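Colleague: Before I rely on the labels attached to this model, I would like to hear how each of them was reached. Could you take me through the reasoning, label by label?

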Amino acid sequence: MKHFTIFASRNDIDDIETTISDVFAKGYEIKRDENDYFLKSRTLFSKHKITIRVASEDTNPDYFANNIPGMMGFYDRIPFEDENLKGLVMTQISVLNTMLAIETEKDITDGQQQLFTGLLSRIGGIGFLPNGILLDQAGEVIVYPDGTSGPSNFRPHACTRKVLGPEITSEEGEQRKNKTIAYLSERGVPFIHGLPQLPPLGQCRFKTKEDIARRAVSLLIVIQFACDVAQGEDIQGSRDFFTGMLQKFGVEEYLTENERKLLQDDEPAREEAINISWQYEAYWALIWALGLVETLDFPDQVCDCDYAIEVVSSCETFEQFVLKTALRSEEEMLDEADKIYRLHWACVNSRIKGEEAPAGMNESVVLERRRGLFWIIGHRNEEWDHISMDT
């Protein structure tokens, strides 16, 4: 074996040189040429030479654009005996942005293998062997090329820069972040200081009251149709009725792509209907922003669906509904978005560890509330169906 490749998801590669030096300094002379490192053994009768080529998405974007899809295809074709593990591996590959390609002139010795595993541990990535075996950062096998699971208790890792982009920092954002952390601490919810700030008020693209109202009304109507689909009701009769409701309130053109597809399909997918019916919780965040819900309580219970329906069904027109609303301040809405963002991290962190969500939270409620709030603040200007749920 002459190749050993380390892949990782990292915010930068600034500490790579120091890490290589720490791992190999005792036994090797190290020379650097830009992002290539040349190592020569100091042993008198053994002149093993090792080359380590370092690349990141910043220094070599073409490499990642050309090779990561192929790597995903390779592992997608492997018949994993554990489908959950396959999902974790595919998730990890999708966020890789750093590569250390190690090449030796001769077969890798046991001593070199230990050094490479030590480097893998320090980098905090995954190890890829030429035969397709995938290793975790401790050098334990994640999966063999025949799909057999190894002994590793693997969990993916993504750097904050990869999932959120370069962090935007501000004094305002730091104060908001610290306020949320205090809220989490009071409730015994875990957190990490490294989770980035949300953008300050001036850099958000808040939706108008009318935008939020149209999204709320159109979503609520589609949710009713989705519930009928999920429960096996008369699809055509339900479709006709709720299409009429969309027209009555003048919001049919404000449906999302997913909502329109569900409403128009001859045989709507029950799974998709269930997913959309969960968006009651996103809708709840919308009517909170419109002043129709007093507070967004801790997300350990589902919303009051009867009240959620009543705030719209009690109105004859869209204009009448809008007259009932009073948009909350941008600061309030951004505070709640920051709060739900960090609560979502806590849910995901617990799920990855195989634990229940902390403080009795319902992760589905958290996720959908995040959809609504992030759409309201215009985070990354993402569309409703494609709100990022990275943590």
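Modeller: What follows is a set of questions about labels, each answered by setting a value against its cut-off.

Modeller: Please keep in mind throughout that this is a predicted model. As an overview, the protein has 15 helices and 8 strands, its C-alpha atoms fill a box of roughly 90 × 50 × 35 Å along the principal axes, and of its 391 residues 49% count as buried.

Colleague: Let us begin with the aromatic rings; how many aromatic pairs does the structure hold, and why is the pair of Phe-24 and Phe-116 called tilted?

Modeller: The structure holds 11 aromatic pairs. The ring centres of Phe-24 and Phe-116 are 6.2 Å apart, and a pair requires centres within 6.5 Å; their planes stand at 50°, which is neither under 30 degrees, as stacking would need, nor over 60, as edge-to-face would need, so the pair is tilted. Phe-24 belongs to helix α1 (residues 16-24) and Phe-116 to helix α4 (residues 110-123), so that the pair links distant parts of the chain, 92 residues apart.

Colleague: What makes Phe-24 and Phe-116 buried or exposed?

Modeller: Buried means under 20% relative accessible area, and Phe-24, at 0%, therefore counts as buried. Phe-116 is also at 0% relative accessibility and so counts as buried. Ring pairs join these two residues with Phe-4 and Tyr-28 into a cluster.

Colleague: Why is the pair of Trp-284 and Tyr-307 called edge-to-face?

Modeller: Their ring centres lie 6.0 Å apart and their planes are at 75°, and because that angle is over 60 the pair is edge-to-face. Trp-284 lies in helix α11 (residues 280-289) and Tyr-307 in helix α12 (residues 305-313), so the pair ties together parts that are 23 residues apart in sequence. Trp-284, at 12% relative accessibility, counts as buried, whereas Tyr-307, at 31%, falls between the limits of 20% and 50% and therefore counts as partly exposed.

Colleague: How do you know that the charged end of Arg-215 sits over the ring of Trp-384?

Modeller: The charged end of Arg-215 is 4.9 Å from the centre of the Trp-384 ring, and the distance part of the criterion asks for CZ of Arg within 6 Å. Arg-370 likewise lies over the face of Phe-374, at 4.6 Å from the ring centre.

Colleague: Turning to the sheet, in what order do its strands run, and what makes β2 and β8 edge strands?

Modeller: The 8 strands form an open sheet in the order β2-β3-β4-β5-β1-β6-β7-β8, with antiparallel pairing. The strands β2 (28-33) and β8 (141-143) are the edge strands, as each pairs on one side only.

Colleague: How do you know that β1 and β5 pair?

Modeller: Pairing needs at least two bridges, and 6 bridges join β1 (residues 3-8) to β5 (residues 98-104), which run antiparallel. Ile-6 lies in β1, its bridge partner in β5 is Leu-100, and at 0% relative accessibility Ile-6 counts as buried.

Colleague: What is seen along strand β3?

Modeller: The side chains of β3 (residues 36-41) alternate: Tyr-37, Leu-39 and Ser-41 point to one face and are buried, while Asp-36, Phe-38 and Lys-40 point to the other and are not. Strand β3 is joined to β2 by 6 bridges in the antiparallel sense, with Asp-33 opposite Asp-36, and pairs with β4 (residues 49-56) over 5 bridges, also antiparallel, with Leu-39 opposite Ile-50.

Colleague: What makes Glu-34 worth a remark?

Modeller: Its phi is near 55°, a positive value in a residue other than glycine. Most residues other than glycine have a negative phi. Glu-34 is in the turn of the hairpin of β2 and β3, which has 2 residues between the strands, and at 66% relative accessibility, over the 50% limit, Glu-34 therefore counts as exposed.

Colleague: Finally, why is α7 called oblique to α10?

Modeller: Helix α7 (residues 209-230) and helix α10 (residues 270-277) pack at an angle of about 140°, with their axes 8 Å apart. An angle has to be over 145 to count as roughly antiparallel, and about 140° also lies outside the perpendicular range of 65 to 115, so α7 is oblique to α10. The crossing of α7 and α10 is left-handed.

Technical notes
Residues numbered from 1 in each chain as written. Predicted model: local features only at pLDDT ≥ 70, side-chain atom pairs only at ≥ 80, totals over all residues. Heavy atoms only, no water. Helix = DSSP H or I, 4+ residues; strand = E, 2+ residues; numbered from the N terminus. Buried < 20%, exposed > 50% of the residue type's maximum accessible area, 1.4 Å probe, protein only. Lys NZ or Arg CZ within 6 Å of the ring centre and 35° of its normal. Axes fitted to C-alpha atoms, helices over the stretch in contact; angles between N-to-C directions. Parallel < 35°, antiparallel > 145°, perpendicular 65-115°, else oblique. Left-handed = near helix turned anticlockwise from the far one by under 90°.
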